[in-house]
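Me: I'd like to go through this structure with you, piece by piece. Could you have a look at it with me?

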Amino acid sequence: FNAPVAFFLQTGKGFKQFTYGKFEFRAKMPKGKGTWAAGWMLGNQSNYGSWPSCGEIDVFETTSEESKTWIPQSLHMKKFNGMPSSSGNKHYDSVIKDATSAYHTYGVEWYPTYIKFTIDGKQTGIYDPADYTLEKNATEDMTIWPYKYPFYLIMNCAIGGTLGGNV
């Protein structure tokens, strides 16, 4: 349990918020069993409500996968969030063979109309909400684009949990 992160997730008060830009984390993934490291962004809940409606951008994340070489970069929102009631998930997966022994730069470029993920400067995926609607202005549909308001930048390493697995 990490009290500052838990407090932040409940309130977000007093933390810097960002809307659009290029964000990068230079990180070496933890080797330990049950570790769940992440560099991510969470939408300010006062704009669209609680998760997943507020949006989430996972710049990098590790899972219970033992080698810690599979690195998903994901987006979560009302329509796509991996929960049973959603339409699946939007994630871009990369295998980084030396993720636990060397530092890599995990990035996101967040624009008013799309989001681009990178690892070590190379594009790994692009999310364009226009690909998921017939509407003219896809960025007005909060179920597929809650990314026009400020987000908090977070970096943490949890132990155990849904994606961390058994310790």
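Me: Let's start in the middle of things: which residue does Leu42 stand opposite in S4?

Reply: Leu42 stands opposite Glu56 in S4, and the two strands concerned, S3 (residues 35-43) and S4, pair in the antiparallel sense over five bridges. Two strands are taken to pair if DSSP finds at least two bridges between them, and the elements themselves are DSSP runs numbered from the N terminus, with helices (H or I) of at least four residues and strands (E) of at least two.

Me: Before I go on, what kind of model is this?

Reply: This is a predicted model, in which local features need pLDDT of at least 70 and side-chain atom pairs count only at pLDDT 80 or more, while totals for chains, interfaces and linings use all residues. Residues are numbered from 1 along each chain as its sequence is written, and side-chain values use heavy atoms, with hydrogens and water left out.

Me: Back to the strands, then. In what order do the six strands of the open sheet come?

Reply: The order is S1-S10-S3-S4-S5-S6, with antiparallel pairing. The edge strands are S1 (17-18) and S6 (90-95), each of which pairs on one side only.

Me: And Ala38, is it buried or exposed?

Reply: Ala38, which lies in strand S3, is buried, with a relative accessible area of 4%; buried means under 20%, exposed over 50%, and partly exposed in between, using a 1.4 Å probe and protein chains only. Leaving aside residues up to four places away in sequence, Ala38 touches Phe60, Glu61, Ile154, Met155 and Asn156, where a contact means heavy atoms within 4.5 Å.

Me: How far is Ala38 from Thr113 in space?

Reply: Their C-alpha atoms are 24 Å apart, and the two residues are separated by 75 residues in sequence.

Me: Changing topic: where does Ser53 lie?

Reply: Ser53 is in the loop between helix H2 (45-48) and strand S4 (56-61). Ser53 counts as buried because its relative accessible area is 13%, and Ser53 touches Tyr48, Lys78 and Pro146, not counting residues up to four places away in sequence.

Me: How many residues of S7 are buried?

Reply: Strand S7 (residues 104-110) is mostly covered, with seven of its seven residues buried. His104, Tyr106, Val108 and Trp110 point one way, and Thr105, Gly107 and Glu109 point the other way.

Me: Why do they split like that?

Reply: In a regular strand the side chains alternate between the two faces of the sheet.

Me: Which strands pair with S7?

Reply: Strand S2 (residues 21-27) is joined to S7 by seven bridges and runs antiparallel to it, with Phe23 standing opposite Val108. S7 also pairs with strand S8 (residues 115-119) in the antiparallel sense over five bridges, where Tyr106 stands opposite Ile119, and a hairpin joins S7 to S8 through four residues.

Me: Zooming out, how many helices and strands are there?

Reply: The protein has three helices and 10 strands, and from the N terminus on the elements run α-β-β-β-α-β-β-β-β-β-β-β-α.

Me: What about the overall dimensions along the principal axes?

Reply: The C-alpha trace spans about 45 × 35 × 30 Å along those axes. The radius of gyration is 16 Å, which agrees with the value near 15 Å for a compact globule of 167 residues; the radius is taken over C-alpha atoms, and the globule rule is 2.2 Å times the number of residues to the power 0.38.

Me: What share of the residues is buried?

Reply: Buried residues make up 46% of the 167 residues.
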